[in-house]
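Grab a pencil and work through these exercises with the structure open beside you. Try each task yourself before you read the solution.

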Amino acid sequence: QVQLVESGGGLVQVGGSLRLSCAASGRTFSTYSMAWFRQVSGKEREFVAHINWSGGSTSYADSMKGRFTISRDSAKNTVYLQMNSLKPEDTAVYYCAIRSTSRRSWATQFPMSYDYWGQGTQVTVSS
């Protein structure tokens, strides 16, 4: 089992910044990649960003490119999401997720490709 704990969410004004953290513990040795998703009540979970755990290559949803940066600290088993130039439409619950090596060929943007999820952290951008 793997446990994920997100932190760093909160209330921020338009144009502001937040840095989310996600600490992984447990059986993390089979981690292939980690990702951030977000979800607004009543809507499907949306892909935000992805990072390959070994090589560090990243990918982003189009609407986040240039504003969000995903990074990782392998020694701490922690992934981060730096969010800049925040907009009201970025308001959501943000979740981190782990994809194991057994699912490495699955599509990066689909929630079903990930094995474990955190509990989520609320981000609210006020105008």
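**Exercise 1.** Is Asn 77 buried, partly exposed or exposed? Work that out, then look at its backbone.

Solution. One thing to keep in mind from the start: this is a predicted model.

- Step 1: Get the cut-offs. Buried means under 20% relative accessible area, and exposed means over 50%.
- Step 2: Asn 77 has a relative accessible area of 24%, so it is partly exposed.
- Step 3: Find its place. Asn 77 sits in the loop between strand S7 (68-73) and strand S8 (78-83).
- Step 4: Check the backbone angle. Phi of Asn 77 is near 50°, a positive value in a residue other than glycine.
- Step 5: Ask if that is the usual case. Most residues other than glycine have a negative phi.

**Exercise 2.** Describe the hairpin around Asn 77, starting with this: how many bridges join S7 to S8?

Solution.

- Step 1: S7 and S8 run antiparallel, and 6 bridges join them.
- Step 2: Pick out a facing pair. Phe 68 stands opposite Met 83 in S8.
- Step 3: Look at the turn. The hairpin has 4 residues between the strands, and Asn 77 with its positive phi belongs to this hairpin.

**Exercise 3.** Which phi value does Ser 85 take, and how well covered is this residue?

Solution.

- Step 1: Ser 85 is not a glycine, yet its phi is positive, about 50°.
- Step 2: You'll find Ser 85 in the loop between S8 and S9.
- Step 3: Its relative accessible area is 41%, so Ser 85 counts as partly exposed.

**Exercise 4.** Stay in that loop and look at Lys 87. Which residues does Lys 87 contact, if you leave aside neighbours within four places in sequence?

Solution.

- Step 1: Lys 87 is in the loop between S8 and S9.
- Step 2: With 34% relative accessibility, Lys 87 is partly exposed.
- Step 3: Leaving out the neighbours within four places, the contacts of Lys 87 are Arg 67 and Val 125.
- Step 4: Now compare sequence with space. Lys 87 and Gly 15 are 72 residues apart along the chain, while their C-alpha atoms are separated by 6.4 Å.

**Exercise 5.** Which way do the side chains along S1 point?

Solution.

- Step 1: Take one face. Val 2, Leu 4 and Glu 6 point there, and they are buried.
- Step 2: Take the other face. Gln 3, Val 5 and Ser 7 point that way and are not buried.
- Step 3: Find the partner strand. S1 and S3 run antiparallel, joined by 6 bridges.
- Step 4: Spot a pair across the two strands: Glu 6 stands opposite Cys 22 in S3.

**Exercise 6.** Go inside. Which residues of the largest nonpolar core touch the most other members?

Solution.

- Step 1: The core has 33 residues, and the ones that touch the most other members are Trp 36, Leu 81, Met 83 and Tyr 94.
- Step 2: Ask which strands build it. Among those that supply at least two residues each are strand S1 (2-7), strand S3 (18-26) and strand S4 (31-39).
- Step 3: The largest share, 5 residues, comes from S9.
- Step 4: Zoom in on Tyr 94. Not counting residues up to four places away in sequence, Tyr 94 touches a list of residues including Trp 36, Leu 81 and Met 83.

**Exercise 7.** Hunt for charges. How many salt bridges are there?

Solution.

- Step 1: The count comes to 5 salt bridges.
- Step 2: Start with Glu 46 and Arg 38, whose closest N and O atoms are 2.8 Å apart.
- Step 3: Check each partner. Glu 46 has a relative accessible area of 34%, so it is partly exposed. Arg 38 has 7%, so it is buried.
- Step 4: Move to another pair. Asp 62 and Lys 65 form a salt bridge at 3.2 Å, and both residues are exposed.
- Step 5: Arg 103 and Asp 115 also meet in a salt bridge, 3.2 Å from N to O. Arg 103 is partly exposed at 23% relative accessibility, and Asp 115 is partly exposed at 25%.
- Step 6: Look for shared partners. Arg 38, Glu 46, Arg 67 and Asp 90 are joined into one network.

Terms used. Residues are numbered from 1 along each chain as its sequence is written. This is a predicted model: local features need pLDDT of at least 70, side-chain atom pairs count only at pLDDT 80 or more; totals for chains, interfaces and linings use all residues. Side-chain values use heavy atoms; hydrogens and water are left out. Buried means under 20% relative accessible area, exposed over 50%, partly exposed in between (1.4 Å probe, protein chains only). A nonpolar core is a set of buried Ala, Val, Leu, Ile, Met, Phe, Trp, Tyr and Cys residues joined through side-chain atoms within 4.5 Å. Contact means heavy atoms within 4.5 Å. A salt bridge is a side-chain nitrogen of Lys or Arg within 4 Å of a carboxyl oxygen of Asp or Glu. Two strands pair if DSSP finds at least two bridges between them.
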